[in-house]
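Me: Please take a close look at a single part of this chain. Pick one helix, go through it slowly, and then set it among the other parts.

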Amino acid sequence: MSSLLRMQARIGQRALLLTTAALPLTGWAVHAVALHKQLAATRKDPLTGLLRRDSYTARARRVLARHGDDTAVVLVDQDHFKAVNDTMGHQAGDAVLAATAARLTAWAGPRAAVGRLGGDEFAVVLALPAARLEQRLAQLVRMLHTPVVLEDGRTVDVAASVGVATPHAVGSRDLSVMQRAADAALYDGKHSGRAHLATAAHTMVPSINGRRAGRPGTAVWGRAA
């Protein structure tokens with residue numbers, strides 16, 4: 001065999017070895033992408049696309065650490081949601097939940113923590129300076145009271161109760177404390193048609209799993225804030 005042919009053979013063997021060695025790496029890369037997608041899916045609620053409780057809690061704490069006193073914890077609870085399911089069907093109820101999630105996401109912005117805590121209960125933690133608090137909350141209430149139009153053309157009248165806690169009002173930046181206060185304020189202002197602001201007194205309400213004691217869903221959906 002000529003020296004040229006021997007050189008070509010060696011080059012071919014090296015190329016084969018490199019290709020063979022690369023196959024496992026390529027396989028691992030594909031596996032890593034698939035695993036990342038699976039992990040992302042477990043962090044989010046499949047119906048609304050919002051963060052589940054644990055992921056929401058982790059992100060919410062980062063928002064609070066980053067923005068300090070210029071933050072707000074907002075809890076949202078759909079009003080009369082059971083009636084929607086009972087009279088219009090669960091598909092309509094799912095559409096209302098998805099619409100609420102989309103509205104909360106649009107209102108809060110991409111840097112906020114927006115989660116579904118369970119059922120028809122949602123939470124948002126965002127940067128919100130005190131000077132803009134009243135205006136932004138009024139905007140949120142209007143969005144949450146906008147009727148939802150279903151795919152079949154039917155319209156669902158919706159409403160939601162909103163409780164809000166800020167570090168200045170409740171005297172704490174701790175997520176558990178703020179969330180408990182916002183939850184208690186929400187129930188004080190239930191069906192009022194406006195956002196109800198928490199005070200330091202709301203932090204003293206008994207809680208279970210980080211939520212107001214006695215409310216539905218306090219022991220589900222993972223570990224609370």
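Reply: A residue counts as buried when its relative accessible area is under 20%. By that cut-off, 43% of the chain's 225 residues are buried. The model is a predicted one. Its secondary structure comes to 7 helices and 9 strands. Among contacts between residues at least 6 apart in sequence, 67% join residues at least 24 apart.

The part I pick is helix α4. It runs over residues 90–108. That gives α4 19 residues. From first C-alpha to last, α4 reaches 27 Å, close to the 27 Å expected at 1.5 Å a residue. Just after α4 comes G109, with a positive phi of about 95 degrees.

Now the buried residues of α4. They are A92, G93, V96, L97, A99, T100, A101, R103, L104, W107 and A108. The list holds an arginine, R103, and a threonine, T100.

T100 deserves a stop. Its relative accessibility is 4%, so T100 counts as buried. The T100 side chain has a polar partner: it makes a polar contact with the side chain of Q78, at 2.5 Å. Setting aside neighbours within four places in sequence, T100 is in contact with Q78, F122 and L144.

Next, the neighbouring helix. Two packed helices are described by the angle between their axes and the distance between the axes. For α3 (residues 81–88) and α4, the angle is about 140 degrees and the axes are 6 Å apart. From α3, the contact uses F81, V84, N85 and M88. From α4, it uses H90, A92, G93, V96 and L97. By type, the residues of this contact divide into 6 nonpolar, 3 polar and no charged. Four of these α4 residues, A92, G93, V96 and L97, are also on the buried list.

The loop between β1 and α3 holds H80. Most residues other than glycine have a negative phi. H80 has a positive phi, near 55 degrees, and is not a glycine. With 56% relative accessibility, H80 counts as exposed.

Now the core. In soluble globular proteins, nonpolar side chains tend to be buried together. Here the largest nonpolar core has 33 residues. V74, V124, L126 and V162 have the most contacts inside it. At least two residues of this core come from each of β1 (71–78), α3, α4, β3 (121–127), α5 (130–144) and β6 (160–165). The largest share, 8 residues, comes from α4.

V124 shows how α4 meets that core. Leaving aside neighbours within four places in sequence, V124 is in contact with L104, W107 and A108, among others. Those three residues are buried in α4. Other contacts of V124 include A72, V73 and V74, as well as Y56, A112, A113 and V114.

One of those, Y56, belongs to helix α2, where it is buried. Helix α2 covers residues 53–67. It has 15 residues and reaches 21 Å from first C-alpha to last, close to the 21 Å expected at 1.5 Å a residue. Its buried residues are R53, S55, Y56, T57, A60, V63 and L64. G68 follows α2, and its phi is positive, near 60 degrees.

What about the other core? Apart from the largest core lies another, of 20 residues, among them L64, L175, M178 and A181. M178 leads to S172, with which it is in contact. S172 sits in the loop between α6 (167–170) and α7. At 18% relative accessibility, S172 counts as buried. The S172 side chain reaches the backbone nitrogen of D174 at 3.0 Å. Beyond its neighbours within four places in sequence, S172 is also in contact with P167 and V177.

Last, strand β7, which holds A195. A195 is buried, with a relative accessible area of 14%. Away from neighbours within four places in sequence, A195 is in contact with L137, V141, V162 and V164. Among these, V162 is one of the residues with the most contacts inside the largest core. The C-alpha atoms of A195 and V76 are separated by 9.2 Å, though the two residues are 119 apart along the chain. The loop between α7 (175–188) and β7 (195–197) contains H191. H191 is not a glycine, yet it has a positive phi of about 65 degrees. Its relative accessible area is 45%, so H191 is partly exposed.

Conventions
Residues are numbered from 1 along each chain as its sequence is written. This is a predicted model: local features need pLDDT of at least 70, side-chain atom pairs count only at pLDDT 80 or more; totals for chains, interfaces and linings use all residues. Side-chain values use heavy atoms; hydrogens and water are left out. Helices (H or I, at least four residues) and strands (E, at least two) are DSSP runs, numbered from the N terminus. Buried means under 20% relative accessible area, exposed over 50%, partly exposed in between (1.4 Å probe, protein chains only). A polar contact is a pair of N or O atoms within 3.5 Å; within protein, one must be able to donate a hydrogen and the other to accept it, and residues adjacent in sequence count only if both atoms are side-chain atoms. Contact means heavy atoms within 4.5 Å. The expected span of a helix is 1.5 Å times one less than its number of residues. Axes are lines fitted to C-alpha atoms, for helices over the stretch in contact, and angles run from 0 to 180 degrees between N-to-C directions. Ala, Val, Leu, Ile, Met, Phe, Trp, Tyr, Cys and Pro count as nonpolar, Asp, Glu, Lys and Arg as charged, and the others, Gly among them, as polar. A nonpolar core is a set of buried Ala, Val, Leu, Ile, Met, Phe, Trp, Tyr and Cys residues joined through side-chain atoms within 4.5 Å.
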